[in-house]
Amino acid sequence: MGQKVNPVAFRTGVMVGWKSKWFASKRDFPALLLEDKKIRGFIQKHPDQRIRQKYRNAGIDKIEIERTRDEVRVTLFVARPGLIIGQKGQEVEKLQEELQNLVGRRINLKIEEVGRPELRAQLVAEDIADQLAKRASFRRTMKRAIESTMEAGARGIKIQMAGRLGGAEMARREKQIEGSIPLSTLRAKIDYGFTEARTPQGHIGVQVWINNGFYEGDDSDGYDAQTSEAPKKPKKTYKR
């Protein structure tokens, strides 16, 4: 039986930093944790359908939360920040006020631009889900996503879908892999994303793993970068 672990959680605290950076006593911890969940849930699933779709089109990769004694710093990593900032920053100010009313604390909202959306697993998964919702062919969609990610410079990518693919009566699982995906190697930069595509036949789960190289040390990981072959063992010499 396979033991499956979230690649981001597996590396958090070892190679990757935490998405929530704060410390609290045992008494205050549950309330602050719930507050973080409310902030993320409000941004990702905004009550206003129009604004929710706009945020989804903006491509929110991740949300980091940092707390000080006076305020809560919320950083959004976005592929298209202009959609969230709005004209003269009106939209981001409105979101900041909504978050302050939600949690009752002072919120300092910051928007960071994501350089290469093709190398972010969550954004790739959401793009695939949007195309599936528009009734695109799932095989063609997977192939196109793999090609664009590998052209952007990824070492490897794996895409897996589960559900009533192509409107079939019976749900099944399909996956495509290209390149190297060393999930058990801690120093490998494995990015993971998951979302659900809402189709008329039901929800389709979309999982994406992207290998962006290594955190430190030898990038080739013992393999020749050009030939992708394992290095040859040196011949043994015997002395008399």
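Which residues have the most contacts inside the largest nonpolar core? They are Ile128, Leu132, Ile159, Met161, Val206, Val208 and Ile210, and the core has 22 residues. A nonpolar core is a set of buried Ala, Val, Leu, Ile, Met, Phe, Trp, Tyr and Cys residues joined through side-chain atoms within 4.5 Å. This is a predicted model: local features need pLDDT of at least 70, side-chain atom pairs count only at pLDDT 80 or more, and totals for chains, interfaces and linings use all residues. Residues are numbered from 1 along each chain as its sequence is written, and side-chain values use heavy atoms, with hydrogens and water left out.

**The cores**

- H6, H7, S5 and S8 each supply at least two residues of the largest core. Helices (H or I, at least four residues) and strands (E, at least two) are DSSP runs, numbered from the N terminus.
- H6 gives the most to this core, with 6 residues.
- A second, separate core of 21 residues includes Ile51, Val78, Ile84 and Leu95.
- In soluble globular proteins, nonpolar side chains tend to be buried together.
- Ile159 is in contact (heavy atoms within 4.5 Å) with Ile128, Met142, Ala145, Ile146, Glu174, Lys175, Gln176, Gln207 and Val208, leaving aside its neighbours within four places in sequence.

**Helix H6**

- H6 covers residues 121-133, and 10 of its 13 residues are buried, so the helix is largely enclosed by the rest of the structure. Buried means under 20% relative accessible area, exposed over 50%, and partly exposed in between (1.4 Å probe, protein chains only).
- Among the buried residues of H6 are Leu123, Val124, Ile128 and Leu132, but also Gln122, Glu126 and Gln131.
- The buried residues of H6 pack against helices H3 (49-58) and H7 (138-151). They also pack against strands S2 (60-67), S5 (156-163), S7 (188-199) and S8 (202-214).
- After H6 comes Arg135, whose phi is positive, near 65 degrees.

**Confidence**

- The chain has a mean pLDDT (the predictor's confidence in each residue, from 0 to 100) of 87, and 89% of its residues reach 70 or more.
- Over residues 218-231 the pLDDT is below 50; this stretch has 12 contacts in the model beyond near neighbours in sequence.
- Over residues 236-240 the pLDDT is also below 50; this stretch has 0 contacts beyond near neighbours in sequence.

**A UniProt record**

- An unreviewed UniProt entry lists residues 85-112 as "coiled-coil region". Its positions are given in the numbering used here, feature names are shortened, and annotations may be inferred rather than shown by experiment.
- In the model, residues 85-112 are 54% helix and 21% strand, with end C-alpha atoms 11 Å apart.

Note on methods. The expected span of a helix is 1.5 Å times one less than its number of residues.
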